[in-house]
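Biologist: I'm new to this one and would like a close look at a single part of it. Could you pick one spot, walk me through it slowly, and then show me what else is worth a look?

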Amino acid sequence: MKHSTMRLSTETMNLDFVKKVEALSGSSVRRCFQCGKCSAGCPMRSFMEHPPNRIVRFLQLGQYERVLAGRSIWYCASCETCTTRCPNKVDLAAIMDALRKCSWDAKGPSKESYVQLANRLFIDNIRTYGRQYEMRLAAVFNVKSGQFLKDLMLGPKLITRGKLKVFHQKNRNMAEIEQIFKRIEEMRKKGEAP
């Protein structure tokens, strides 16, 4: 196995980003002493290119580009096993959420850009209809991701079995749902929510 060398300098370390992640998550990455309990208990570890403790280590070293460019933060299931197992009370699940938020905001090249697209479309559907409209979600996702014919043959089967609706009604409580979105936006402006 070939080991890559990591060069650390003031140019390669971005501690401002780390402070932003800590502020968003409410947890300090500096508390981690690399015991590895988070990675040992992580059910998604086998799918990640960087296990949870290595992600924290990259953050400690200011190497956030390596974290955001990878897929590990997108495979985190937010099950909080890592947070529960941590002897130093590092809330790694919240840190992963904060990293996904930062990646989302950066709109940079992520190996899991389809996940970002699906998240955005999911939230747009909720904001527009007050619930999930699967037909629209699948159609818009396929168009925006360039996978026009993906799952084309699955749609008719789901429609005939009554599992997928062609027409959709809006939620009756759209005013309340819009208020929820406005509260979240206000909290984000104040830095109270990721």
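**Threonine 83 and beyond**

Modeller: Let's start with a side-chain pairing: the side chain of threonine 83 makes a polar contact with the side chain of aspartate 91, at 3.0 Å. Keep in mind as we go that this is a predicted model. Threonine 83 sits in helix H6, which covers residues 81–85. Its side chain has another polar partner too: a polar atom there lies 3.2 Å from the backbone nitrogen of alanine 93. If you set aside residues up to four places away in sequence, threonine 83 touches Val90, Asp91, Leu92 and Ala93. So that's our spot, with aspartate 91 and alanine 93 as the polar partners to click on.

Now step back along the chain to serine 78, in the loop between helix H5 (72–75) and H6. Its phi is near 55°, a positive value in a residue other than glycine. Serine 78 counts as partly exposed because its relative accessibility is 30%. Glutamine 34 also has a positive phi, near 60°, and again this is a residue other than glycine. You'll find glutamine 34 in the loop between helix H1 (15–25) and helix H2 (37–41). With 28% relative accessibility, glutamine 34 counts as partly exposed.

Next, the charged pairs. Side chains of opposite charge can pair when their charged atoms come close. A search of the whole structure turns up five salt bridges. One of them joins glutamate 22 to arginine 30, with the closest N and O atoms 3.0 Å apart. What about burial here? Glutamate 22 is buried, since its relative accessible area is 10% and the cut-off for buried is under 20%. Arginine 30, on the other hand, counts as exposed, because its relative accessibility of 62% falls in the range over 50%.

Another salt bridge ties glutamate 178 to arginine 127, and there the closest N and O atoms are 2.7 Å apart. This pair links distant parts of the chain: glutamate 178 belongs to helix H11 (residues 174–190), arginine 127 to helix H8 (residues 113–129), and the two are 51 residues apart. Glutamate 178 is partly exposed, with a relative accessible area of 25%, and arginine 127 is partly exposed as well, at 29%. There's a third member to look for, as Arg127, Glu178 and Glu185 are linked in a network of salt bridges.

Then there's the pair of lysine 150 and aspartate 151, whose side chains meet in a salt bridge at 3.2 Å, N to O. Lysine 150 is partly exposed, at 36% relative accessible area, and aspartate 151 is also partly exposed, at 46%.

While you're in that stretch of sequence, have a look at the surface. Val143, Phe148, Leu149, Leu152 and Met153 make a nonpolar surface patch of about 590 Å². One of its members, methionine 153, is found in the loop between helix H9 (134–145) and helix H10 (154–160). Why does methionine 153 count as exposed? Its relative accessible area is 63%, and anything over 50% gets that label.

If you'd like a short route for your own tour, begin at threonine 83 in helix H6, move on to the bridge between glutamate 178 and arginine 127, and end at the nonpolar patch that includes Met153.

Terms used. Residues numbered from 1 in each chain as written. Predicted model: local features only at pLDDT ≥ 70, side-chain atom pairs only at ≥ 80, totals over all residues. Heavy atoms only, no water. Helix = DSSP H or I, 4+ residues; strand = E, 2+ residues; numbered from the N terminus. Polar contact = N/O pair within 3.5 Å; in protein donor to acceptor, adjacent residues only side chain to side chain. Contact = heavy atoms within 4.5 Å. Patch = residues over 30% accessible without salt bridge, like charges linked within 9 Å, V, L, I, M, F, W, Y side chains within 5 Å. Areas by Shrake-Rupley, 256 points an atom, 1.4 Å probe, with all protein chains shown as cover. Salt bridge = Lys/Arg side-chain N within 4 Å of Asp/Glu carboxyl O. Buried < 20%, exposed > 50% of the residue type's maximum accessible area, 1.4 Å probe, protein only.
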